[in-house]
Amino acid sequence: MSNETLQAVRGMNDILPDEAGLWLWFEEVVRDWLDSYGYRNIRMPLVEPTSLFKRAIGEVTDIVEKEMYSFEDSLNGDQLTLRPEGTASCVRAVLQHNLLYNAPQRLYYTGQMFRHERPQKGRYRQFHQIGVEALGFAGPDIDAEQILMCARLWKKLGIKDVTLQLNTLGDAESRARHRAKLITYFEQHTAALDAEATRRLHSNPLRILDSKNPAMQELIAHAPKLMDELDAEALAHFQALQDTLTAHGIVFEINTRLVRGLDYYNRTVFEWVTTRLGAQGTICAGGRYDGLVEQIGGKAAPAMGFAMGVERLLALLQDDGMALPKPRVDVYLVHQGELAAKLASRVSEQMRDTGVRVVMHCGGGSFKSQMKKADASGALLAVVIGDDEAQARQVSIKPMQGGEQIKVDVAQLNDTLKQFLN
Ligand code: ATP
Ligand code: MG
């Protein structure tokens, strides 16, 4: 066996207890927020058949081309992938279990996603998303609901420097018209295309608009606009969404270059962006995907959803100086001697019966060293048991912030603690 220290996989982070407090707090806020809009939790496996993502996300996308952790199940040869996102799995689960039959669904999931990207601040190979999906809803009302939801969450979290970018991708026919025009346009400028754009010219020209290559920005700025191809229905949908947002005082910017990195979107797409996280500034992104349910093999059903990057959101909160919520310890139990040790364990359980948070000292040591640990634990009280006290079935209560130490019978302990803790 090698003595080399084992390390986590690059780009996959441990979340240590000091930071996990913030995660727990955040997850609780998020759960309340989702409850208040009637979204229900769904939990899918982390591993899915590779074909699901190929079919849902699209073969000519960053994710499927170069970011998926795919492998062969060595036992039966199945092609499997660690999920890079949750929408495809969610739709797969909904179809598999017939949830859409007769009833639209408001759903959410949270958890790890995996993408083989170059790790940097705000970009990891294992990261966490909160995904929200509404299936079976066609109208712009649900688009507005989801954007309003986001705005409410930012408010709850105290996040201010985040702006909403909005666009519409239209429907299949207008996209096909636009696509043809794009190909013609880029074919006239092949010399200005980089290698990736050249490769995508005929397979996925829309994604060229998403390029971050500075050398191509000028060319992209003058490319044919999808907005000019939209039909009346898609335009009305987009207008209705904007009207609702405006009525609620939600400020947005229409960004016609926003096309999103996955193929399944149509009509509404949006991103919430901050300038405070460097290049990784998108904290939340989503849109409508009316074609996906059918694409995965179900009866056509409209849908709308979004996903938030938890690491980026928490980085923003920490950047704001958000203090980590400290776990509360009510009592640190200090004890010495054999008889005292037995009583300590019983008394600890007795206190926990009424919801008191107790850390019982384990591992021996002098009273003095135990009191130091009590201090470091942040406990409000030390409950102290020596052998004399144990003989008399009594304990001492010592307020850690100063104040008089008192002695009480074990039988009276729970009642006495109430006076100290509330
Ligand atoms: P980007 O353009 O930053 O690569 P994306 O369009 O690939 O983002 P989505 O697939 O829309 O991202 O995922 C939704 C959100 O999940 C993103 O807005 C971001 O907050 C977060 N996210 C995506 N990829 C990562 C990653 N590798 N590490 C951390 N968070 C991520
Ligand atoms: Mg990406």
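## Ligand 1 and the salt bridges around the fold

An oxygen atom of ligand 1 sits 3.2 Å from an N or O atom in the side chain of Arg312. The protein covers 90% of the 580 Å² of accessible area that ligand 1 has on its own. The model is predicted, so these values describe computed coordinates.

### The ligand site

Two further polar contacts of ligand 1 can be listed. Gln129 brings a polar side-chain atom to 3.0 Å from an oxygen atom of the ligand. Thr282 uses its backbone instead: a polar atom there is 2.8 Å from an oxygen atom of ligand 1.

Which residues come nearest to ligand 1? They are Arg115, Glu117, Arg123, Arg260 and Thr282, out of 17 residues around the ligand. Thr282 thus appears both in this nearest group and in a backbone contact with the ligand.

By class, the shell holds 7 nonpolar, 4 polar and 6 charged residues. Three strands each supply at least two residues of the shell: E6 (126-135), E10 (282-288) and E11 (303-309). Strand E10 gives the largest share, 4 residues.

### Salt bridges

Strand E10 also takes part in a salt bridge, through Arg288. How many salt bridges does the whole structure have? The search finds 23. Side chains of opposite charge can pair when their charged atoms come close. Three of the pairs are tabulated here, with the distance between the N and O atoms.

| Pair | N to O distance | Relative accessible area |
|---|---|---|
| Arg288 and Asp143 | 2.6 Å | Arg288 0%, Asp143 0% |
| Asp171 and Arg267 | 2.9 Å | Asp171 16%, Arg267 12% |
| Lys181 and Glu229 | 2.8 Å | Lys181 44%, Glu229 9% |

Take Arg288 and Asp143, whose side chains meet in a salt bridge at 2.6 Å. This pair links distant parts of the chain: Arg288 is in strand E10, Asp143 is in helix H5 (residues 140-157), and 145 residues separate them. Are these two charged residues buried or exposed? Arg288 has a relative accessible area of 0%, so it counts as buried. Asp143 is buried too, also at 0%.

Next come Asp171 and Arg267, joined by a salt bridge with an N to O distance of 2.9 Å. Asp171 lies in the loop between strand E7 (163-168) and helix H6 (172-187), while Arg267 lies in strand E9 (residues 266-273), so the bridge ties together parts that are 96 residues apart in sequence. Asp171 is buried because its relative accessibility, 16%, is under 20%. Arg267 is buried as well, at 12%.

Helix H6 contributes to the third pair through Lys181. Lys181 forms a salt bridge with Glu229, and the closest N and O atoms are 2.8 Å apart. Glu229 lies in the loop between helix H8 (217-221) and helix H9 (232-247), so the pair ties together parts that are 48 residues apart in sequence. Lys181 is partly exposed, at 44%. Glu229 is buried, at 9%.

Salt bridges can also share partners. One network of this kind joins Asp62, Glu65, Lys66, Glu196, Arg199, Arg200, Arg207 and Asp210.

### Loop and surface details

Where is Asn98 found? It is in the loop between helix H4 (87-96) and strand E5 (105-114). Asn98 has a positive phi of about 60° although it is not a glycine. Its relative accessibility is 55%, so Asn98 counts as exposed. Asn102 is in the loop between H4 and E5. Its phi is positive, about 75°, and Asn102 is not a glycine either. Asn102 is exposed, with a relative accessible area of 73%.

A nonpolar surface patch of about 210 Å² is made by Leu46, Val47 and Phe71. Phe71 sits in strand E3 (residues 69-72). Why can Phe71 belong to a patch? Patch residues need over 30% relative accessible area, and Phe71, partly exposed, has 35%.

### A buried glutamine in H5

Helix H5, which holds Asp143, also holds Gln146. Gln146 is buried, with a relative accessible area of 0%. The C-alpha atoms of Gln146 and Leu343 are separated by 55 Å, and the two residues are 197 residues apart along the chain.

Key
Residues are numbered from 1 along each chain as its sequence is written. Chains are lettered from A and ligands numbered from 1 in the order in which they are written. This is a predicted model: local features need pLDDT of at least 70, side-chain atom pairs count only at pLDDT 80 or more; totals for chains, interfaces and linings use all residues. Side-chain values use heavy atoms; hydrogens and water are left out. Patches are made of residues with over 30% relative accessible area and no salt bridge: like charges are joined within 9 Å, nonpolar side chains (Val, Leu, Ile, Met, Phe, Trp, Tyr) within 5 Å. Accessible areas come from the Shrake-Rupley method with a 1.4 Å probe; for residues, only the protein chains shown count as cover. A salt bridge is a side-chain nitrogen of Lys or Arg within 4 Å of a carboxyl oxygen of Asp or Glu. Buried means under 20% relative accessible area, exposed over 50%, partly exposed in between (1.4 Å probe, protein chains only). A residue is near a molecule or strand if one of its heavy atoms lies within 4 Å of it. A polar contact is a pair of N or O atoms within 3.5 Å; within protein, one must be able to donate a hydrogen and the other to accept it, and residues adjacent in sequence count only if both atoms are side-chain atoms. Ala, Val, Leu, Ile, Met, Phe, Trp, Tyr, Cys and Pro count as nonpolar, Asp, Glu, Lys and Arg as charged, and the others, Gly among them, as polar.
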